[in-house]
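Please open the structure in your viewer and keep the sequence beside it, since this tour moves from one selection to the next.

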Amino acid sequence: PTPQDVQKFRNRYGYVQGKFHIAVIGESGMGKSSLLNSLRGVSPRNYGYASVGVNETTKFVQGYPDPQEPKTMWYDVPGANTPGISGWTYFIDHGLFIFDALIVTFSDRFTETVGTLIKNANGCGIPIFLVRTKADQILHNLVVDSEGSLSETSARKILISSTREMVTTNLSKANLARIPVYITSKQAM
């Protein structure tokens with residue numbers, strides 16, 4: 001990105017020097033807004049709650065101050081890979097190169113879009129936090145699909161180990177350095 005691109009997106013998103021700007025990004029339907037609300041400690045009854053829904057809810061990049069840490073700004077970003085938002089150009093089209101850190105979300109699979117976001121962030125020197133969301137749904141499916149032969153504790157162990165293996169394998173295939181992956185669920189939020 002050019003210096004003009006950086007300034008354009010900083011102006012658009014209300015970037016303030018001296019604050020730490022974190023964007024929650026990923027494909028559509030990953031629970032980005034729910035994660036953002038949880039990280040900020042807000043619920044639907046609180047001012048500044050990011051809307052959530054079963055359809056595409058976030059239509060544009062929206063900044064939210066952290067209620068506990070005034071020098072931190074969080075950004076909810078529309079999801080990639082929809083008819084209107086290409087996964088391939090998502091990083092540039094949304095000016096993700098201006099942020100101080102990015103939380104890359106995924107749920108079921110580590111997709112090409114996830115790898116592309118990590119690669120682009122690495123190229124811009126932006127720290128990445130990789131988060132697998134909706135673990136409660138995956139756990140439920142593991143238990144149901146096992147027809148009762150798996151306990152929730154066993155399913156949790158499988159989820160953790162398979163997530164680590166999937167991430168390690170896909171980062172390696174994409175020639176990307178290993179990074180930790182965090183797992184969360186709606187229930188835990």
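The stops below cover the sheet, the cores, one helix and the aromatic rings.

Before starting, note that this is a predicted model, in which local features need pLDDT of at least 70 and side-chain atom pairs count only at pLDDT 80 or more, while totals for chains, interfaces and linings use all residues. Residues are numbered from 1 along each chain as its sequence is written, and side-chain values use heavy atoms, with hydrogens and water left out.

**The sheet**

Begin with the strands, coloured if possible by their order: six of them form an open sheet, arranged β2-β3-β1-β4-β5-β6, with mixed pairing. Helices (H or I, at least four residues) and strands (E, at least two) are DSSP runs numbered from the N terminus, and two strands pair if DSSP finds at least two bridges between them. Select β2 (62-65) and β6 (181-183) next; these stand at the edges with a single partner strand each, so one side of each is left without a neighbour in the sheet. From one strand to the next, the twist averages 25 degrees.

Now move to β1 and β4, which run parallel and are joined by five bridges, and find I25, which stands opposite V104 in β4. Add α4 to the selection: this helix packs on the sheet, touching β1, β4 and β5 (contact means heavy atoms within 4.5 Å), and its direction makes about 170 degrees with that of β4. Such angles run from 0 to 180 degrees between N-to-C directions, the axes being lines fitted to C-alpha atoms, for helices over the stretch in contact.

**The nonpolar cores**

Which residues touch the most other members of the largest nonpolar core? Select I25, L102 and L130, which do so among its 33 residues. A nonpolar core here is a set of buried Ala, Val, Leu, Ile, Met, Phe, Trp, Tyr and Cys residues joined through side-chain atoms within 4.5 Å, where buried means under 20% relative accessible area, exposed over 50% and partly exposed in between, with a 1.4 Å probe and protein chains only. Among the elements that each supply at least two residues of this core are α1 (3-13), β1 (20-26), α4 (112-123) and α6 (152-173), and the largest share, four residues, comes from α4.

Centre the view on L102 and show its surroundings: leaving aside residues up to four places away in sequence, L102 touches A23, I25, F91, L96, A121, I126, P127, I128 and F129. A second, separate core has ten residues, including I22, L36, Y64 and V131.

**Helix α2**

Select residues 32-40, helix α2, which is mostly covered, with seven of its nine residues buried. The elements that cover the buried residues of α2 include β1, β2, β3, β4 and β5. After α2 comes G41, whose phi is positive, near 70 degrees.

**The aromatic rings**

Finally, show the rings, among which there are six aromatic pairs; rings of Phe, Tyr and Trp (its six-membered ring) pair if their centres lie within 6.5 Å, and planes under 30 degrees apart count as stacked, over 60 as edge-to-face and the rest as tilted. F9 and F97 make an edge-to-face pair, at 5.6 Å centre to centre and 90 degrees between the planes. This pair links distant parts of the chain, with F9 in helix α1 and F97 in the loop between α3 and β4, 88 residues apart. Ring pairs also link F9, Y13, Y75, F97 and F99 into a cluster.
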